[in-house]
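Visitor: Please show me the protein, and then let us go through its sheet and its overall make-up together.

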Amino acid sequence: MAKKDSPIYGIWKVTTQGDCEGRSTECLGYYEGYIDEIAQALADKAYYSLTFRSIKINKVTRKSLKNAPKRKEVKFLLWLAENENMVDYANALSDKESPEFIPYSNLTDSTCLGGRLIFKQGIAQ
């Protein structure tokens, strides 16, 4: 069995041809694990082949925020999965001391949460 530091273990964007001619691409999702195990799990969804692209996750830390641009606000949209509760996300954003969260619209009957984040001193604290 390969170790987690093996090159076949990682976070992958997995795609396949979107039609039988291979002229379009369909994203099957993002997966963490071993390539062979992910390929086995997705085998029935592949047209001719599966394509794996390695994904690097960048972690934001308080130290990296010190060098962040000093913009005072940013607008954003957050698309939620069907079973996620938008109000939970809005409450979590509102509960933080910084940044201030101002929602765009009603928080019901939607899978998209949008709003503005206003940062104190130009960066999230």
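**A sheet and its helix**

Visitor: Which residue stands opposite Glu100 in S6?
Guide: The model is a predicted one, in which local features need pLDDT of at least 70, side-chain atom pairs count only at pLDDT 80 or more, and totals for chains, interfaces and linings use all residues. Residues are numbered from 1 along each chain as its sequence is written, and side-chain values use heavy atoms, with hydrogens and water left out. Strands are DSSP runs of E of at least two residues, numbered from the N terminus, and 4 bridges join S5 to the antiparallel strand S6, residues 112–118. The residue opposite Glu100 is Ile118.

Visitor: Why is one side of S4 and of S5 left without a neighbour in the sheet?
Guide: Two strands pair if DSSP finds at least two bridges between them, and here 3 strands form an open, antiparallel sheet in the order S4-S6-S5. Strand S4 (73–79) and strand S5 (100–103) therefore each have one free side, because each stands at an edge with a single partner strand.

Visitor: At about what angle to S6 does helix H3 run?
Guide: Helices are DSSP runs of H or I of at least four residues, and angles, from 0 to 180 degrees, are taken between N-to-C directions of axes fitted to C-alpha atoms, for helices over the stretch in contact (heavy atoms within 4.5 Å). Helix H3, residues 86–95, lies across S4, S5 and S6, and its angle to S6 is about 5 degrees.

Visitor: What share of the 125 residues is buried?
Guide: Buried means under 20% relative accessible area, with a 1.4 Å probe and protein chains only. By that criterion, the buried share of the protein is 24%.

Key: Buried means under 20% relative accessible area, exposed over 50%, partly exposed in between (1.4 Å probe, protein chains only).
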